[in-house]
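User: Please take a close look at one part of this model, the packing of a helix against its neighbours, and set it in the context of the whole chain.

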Amino acid sequence: MSSQLYCKPHTVQAQRVRYIHCLQSWGKYEEVECEGLSVLKVLRENSIGKTNKEVNNLLSQLDEKNLDQEFALLVVEIVVTLVKCASLIQNMAVHEYDGLLDLIKEVAPWFKVLDTNAREKLHRVLVTYLNRITLIMAGDFKRFNGNLVHKFCVEALCHIKQSSLKDQLFKSVRKICSSLFSQELGECSGIVDTLKYVLDAMAAEIKVV
């Protein structure tokens with residue numbers, strides 16, 4: 001009887017993730033953001049409670065020695081969903097992209113502990129929508145902080161090179177450059193530096209090939 005009643009600490013949060021997917025399918029992207037961040041906060045607090053070690057990260061501390069695969073999958077799945085919804089929200093505040101970028105950076109090592117199928121599937125989704133966000137930002141450079149756009153370009157291209165979508169790198173670089181070239185260079189500080197990075201990344205890849 002006790003075994004039937006037993007459930008892991010994150011079981012309830014797993015059900016909330018199912019609800020998040022429902023919200024996403026209904027186009028309630030802002031609600032997905034709120035619910036997703038709330039679940040990540042609970043998971044992080046539970047993790048801190050186990051380790052008794054306070055951390056400043058947005059995500060739970062990755063402990064590969066005592067890792068629960070279901071827990072890891074939850075963390076990655078939520079972040080990927082948040083990235084996807086961020087690419088679909090038209091009026092997302094500029095400052096919110098900073099937090100999103102932090103999540104993307106923090107979730108990177110979590111992919112490594114997933115099984116191959118889950119890792120490749122979720123990483124493809126992350127790359128697809130991270131690239132979409134980057135193109136949106138590159139196309140409206142004046143609205144966004146130039147340094148932030150540059151950081152997203154760096155992150156997007158790095159993830160593309162590490163994914164099964166690596167063959168899309170040149171296509172992504174071309175689109176980013178096209179968006180940047182279409183804007184007034186004198187009005188947007190940082191465009192030249194971002195262009196230089198993107199073109200250098202493409203040149204480096206050509207040398208490897």
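Helix H8 and its neighbours

Analyst: In this predicted model, among the contacts in the chain between residues at least 6 apart in sequence, 69% join residues that are at least 24 apart. The secondary structure behind those contacts consists of 9 helices and 0 strands, so that, read from the N terminus, the elements run α-α-α-α-α-α-α-α-α. Of the 209 residues in the chain, 42% are buried, and the accessible surface comes to about 11,700 Å², with 52% of that area belonging to carbon and sulfur atoms.

The part to examine is helix H8, which spans residues 169–181, and its packing can be described through two partners, H7 and H6. Helix H7, residues 146–161, has an axis that comes within 10 Å of the axis of H8, and the two axes cross at roughly 165 degrees. Because angles over 145 degrees count as roughly antiparallel, H7 and H8 are assigned to that class, roughly antiparallel to each other. Their crossing is right-handed. On the H7 side the contact is made by Cys153, Leu157, Ile160 and Lys161, while H8 contributes Leu169, Ser172, Val173 and Ile176. Sorted by class, this contact of H7 with H8 holds 6 nonpolar, 1 polar and 1 charged residues.

The second partner is helix H6, residues 116–138, whose axis comes within 8 Å of that of H8 and crosses it at roughly 20 degrees. That angle makes H6 roughly parallel to H8, and the crossing of H6 with H8 is again described as right-handed. Here the contact is formed by Asn131, Thr134, Leu135 and Ala138 of H6 together with Ser172, Lys175, Ile176, Ser179 and Leu180 of H8. By class, the contact of H6 with H8 has 4 nonpolar, 4 polar and 1 charged residues. Reading the two contacts side by side, Ser172 and Ile176 of H8 appear in the contact with H7 and also in the contact with H6.

Beyond these two partners, a residue of helix H9 can be placed relative to H8. Lys196 is found in helix H9, residues 191–208, and its C-alpha atom is separated by 9.7 Å from that of Cys177, although the two residues are 19 apart along the chain. With a relative accessibility of 52%, Lys196 counts as exposed, since the cut-off for that class is over 50%.

For comparison with sites elsewhere in the chain, two buried residues are useful. Val79 lies in helix H4, residues 69–86, and counts as buried at 1% relative accessibility. Leaving aside residues up to four places away in sequence, Val79 touches Leu40, Leu59, Leu103 and Val107. The C-alpha atom of Val79 is also separated by 8.6 Å from that of Leu126, a residue 47 places away along the chain.

The other buried site is Gln13, which has its place in helix H2, residues 11–25. Its relative accessible area is 8%, so Gln13 is buried, and, with residues up to four places away in sequence not counted, Gln13 touches Val39, Val42 and Leu43.

Note on methods: Residues are numbered from 1 along each chain as its sequence is written. This is a predicted model: local features need pLDDT of at least 70, side-chain atom pairs count only at pLDDT 80 or more; totals for chains, interfaces and linings use all residues. Side-chain values use heavy atoms; hydrogens and water are left out. Helices (H or I, at least four residues) and strands (E, at least two) are DSSP runs, numbered from the N terminus. Buried means under 20% relative accessible area, exposed over 50%, partly exposed in between (1.4 Å probe, protein chains only). Contact means heavy atoms within 4.5 Å. Accessible areas come from the Shrake-Rupley method with a 1.4 Å probe; for residues, only the protein chains shown count as cover. Axes are lines fitted to C-alpha atoms, for helices over the stretch in contact, and angles run from 0 to 180 degrees between N-to-C directions. Angles under 35 degrees count as roughly parallel, over 145 as roughly antiparallel, 65 to 115 as roughly perpendicular and the rest as oblique. A crossing is left-handed if the near helix is turned anticlockwise from the far one by less than a right angle, and right-handed if clockwise. Ala, Val, Leu, Ile, Met, Phe, Trp, Tyr, Cys and Pro count as nonpolar, Asp, Glu, Lys and Arg as charged, and the others, Gly among them, as polar.
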